[in-house]
Amino acid sequence: MIELVDVPESLGSSSEVSEKAKEVAYEDSFPDGGRGWLVVLGCFIYSASTVGWGCVAPVWGVTEEFFKEHMFPHTSDSVLTTLGSMSCLFMTLGGIVAGKLADRYGYKPFLAAGAIVWVASMLAAAFCTEVWQFFLTMGLMQGISDALVFPLIVSLPSQWFLRWRAFATGIVVAGSSIGGAISSLVYRELLSTIGLRKSLAIFTAVDAVAFACGYAMMQERRPSEKRPQIVWFDRAFFGDPVFWSLAMCFFFTVFGYLGPVFLLPTFTAEKAPGMSSIMLALPLTVLNLSAAAGRILIGFAADKLGPVNALLVAIALSGLTQLVVWTFVTTYAGIIVFSVLYGFFCGCFLSLVSAVAAKIYGADRLAGLSGLLLLFNAPGTSALAAPRHVRVYTPFPPPHHAHIHAPFLLVVPRRSKRKLRLISSTTGYAAGAPIGGAILGATGNNWQVVAGYSGAVQVLGALCLLYARFRRQPRLLAAY
């Protein structure tokens with residue numbers, strides 16, 4: 001809805017009047033619905049197709065199993081796990097560049113470029129036969145595509161929503177969880193029946209259609225003349241203690257984020273021996289579905305209570321769930337309860353990043369700022385390679401004696417199959433996963449220590465955010 005504006009006579013020509021009305025309409029009114037929900041759907045489709053495939057562990061886990069069993073049985077596990085982490089690494093490193101360029105020149109050209117690069121990468125990967133070729137296609141090309149897409153799709157809803165900004169962004173980020181869950185199931189079946197080349201060809205065609213539909217749905221509201229100039233080193237951010245409070249919050253939070261996700265299948269197998277492979281995989285599935293629900297519902301709450309408040313509470317509860325619940329879980333039912341609780345809160349810091357940034361600094365340079373904050377996840381973007389003293393047990397598809405059917409790599413000591421030590425997964429924003437695995441091995445499977453580390457580091461992230469919260473809004477009960 002465009003508001004009527006009283007325009008002084010000194011403005012002169014009708015074109016100047018039109019530009020002034022457009023400027024006021026953009027800055028002072030947000031549709032908070034209507035065409036904006038179509039934009040959110042388009043961003044959701046992009047999120048499910050790109051980040052949901054390249055940066056969600058289950059999908060790459062399926063690929064790595066296939067590589068290990070059928071294509072590269074003699075390739076070291078560290079090489080394959082490094083391959084799996086490459087797209088996330090390039091996304092975190094390149095997101096700031098893509099975001100700043102998009103803020104200046106518009107989002108849609110970069111969204112189109114990201115879609116084209118992604119489709120090209122999938123098609124090229126279908127014809128790859130060597131490991132280094134997959135590094136170029138699934139690593140470099142898909143990482144570039146993710147960098148072009150992710151900072152933009154989490155920022156674009158902020159141009160259309162004010163009242164429901166966090167809710168809309170939560171729906172977009174939830175697309176990565178939902179897309180990854182669906183893709184991993186379908187992908188596994190396709191690989192088992194028709195092989196890698198035809199499977200990737202099918203996904204290439206599906207992605208191309210999805211991108212075309214999503215691109216048609218997305219639209220910017222910001223007038224071109226309101227796009228800011230590019231400032232590569234922005235002292236307004238780096239000289240502001242509030243920014244560093246926010247940055248350190250994301251830096252520490254991400255270290256405790258994916259440790260439970262990567263280690264949960266191993267934990268389940270140890271605490272509930274004798275379970276079927278489907279029952280062993282169920283807690284991780286429940287966690288992923290709960291994460292999608294949490295990103296949406298906590299986004300809805302953030303629009304009522306304030307995004308900074310919601311982020312603070314979500315991170316604190318995510319850490320406390322590990323400290324208070326995971327530490328004392330000993331049964332399968334307890335594992336399911338933990339999966340629901342932790343999944344609901346754990347991923348919200350990703351879905352709230354743009355809403356928090358817009359609340360503190362405004363939406364004018366939001367894509368660049370989102371990419372900059374994403375950069376603070378880079379230290380945690382690492383793969384967990386299997387140590388030399390363990391061997392990887394990765395049947396594809398798993399035989400009847402497989403320890404786990406989830407798309408992760410189960411690692412057991414060479415001398416004994418009885419005691420599970422750690423799980424080697426592939427991608428993620430958190431170095432907390434390899435650190436957690438190292439702690440697990442060093443302490444002789446002491447899960448309380450692992451939960452204590454992972455939960456404490458997330459609580460530390462929440463504490464870092466307190467400065468930004470009370471510096472910007474000193475009132476304790478204010479919605480901010």
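In this predicted model, Trp132 is exposed, with a relative accessible area of 53%. Because the cut-off for exposed residues is over 50%, the 53% of Trp132 places this tryptophan in that class. The residue belongs to helix α7, which spans residues 131–153. Trp132 does not stand alone at the surface: together with Leu136, Leu140 and Ile144 it forms a nonpolar patch. The accessible area of these four residues together comes to about 370 Å².

The interior offers a companion picture. In soluble globular proteins, nonpolar side chains tend to be buried together. Here, the largest nonpolar core has 116 residues. Within it, the residues with the most contacts are Phe67, Phe134, Ile153, Tyr187, Leu200, Leu311 and Leu352. Helix α8 (residues 165–217) supplies the largest share of this core, namely 13 residues. For a closer look at one of these well-connected residues, Leu311 is a handy choice. Setting aside residues up to four places away in sequence, Leu311 touches Leu246, Phe250, Phe349, Leu352, Val356 and Leu465. One of these partners, Leu352, is itself listed among the core residues with the most contacts.

Helix α8 also carries a polar residue worth a visit, Ser177. With a relative accessible area of 13%, Ser177 is buried, since that class covers values under 20%. Its side chain makes a polar contact with the side chain of Arg295, at 2.6 Å. Apart from neighbours within four places in sequence, Ser177 is in contact with Asn288, Ala291, Ala292 and Arg295. Arg295 is thus found both in this contact list and as the polar partner of the serine side chain.

Turning to the backbone, two loop residues invite attention. Most residues other than glycine have a negative phi. Asp32, however, has a phi near 50°, a positive value in a residue other than glycine. Asp32 sits in the loop between α1 (14–28) and α2 (35–49). At 22% relative accessibility, this aspartate counts as partly exposed, because the buried class ends under 20% and the exposed class starts over 50%.

Asn445 likewise is not a glycine and has a positive phi, of about 65°. Its place is the loop between α18 (432–442) and α19 (447–472). Asn445 has a relative accessibility of 7% and so counts as buried, while Asp32, at 22%, is partly exposed.

Methods. Residues numbered from 1 in each chain as written. Predicted model: local features only at pLDDT ≥ 70, side-chain atom pairs only at ≥ 80, totals over all residues. Heavy atoms only, no water. Core = buried A, V, L, I, M, F, W, Y, C linked by side-chain atoms within 4.5 Å. Buried < 20%, exposed > 50% of the residue type's maximum accessible area, 1.4 Å probe, protein only. Helix = DSSP H or I, 4+ residues; strand = E, 2+ residues; numbered from the N terminus. Contact = heavy atoms within 4.5 Å. Patch = residues over 30% accessible without salt bridge, like charges linked within 9 Å, V, L, I, M, F, W, Y side chains within 5 Å. Areas by Shrake-Rupley, 256 points an atom, 1.4 Å probe, with all protein chains shown as cover. Salt bridge = Lys/Arg side-chain N within 4 Å of Asp/Glu carboxyl O. Polar contact = N/O pair within 3.5 Å; in protein donor to acceptor, adjacent residues only side chain to side chain.
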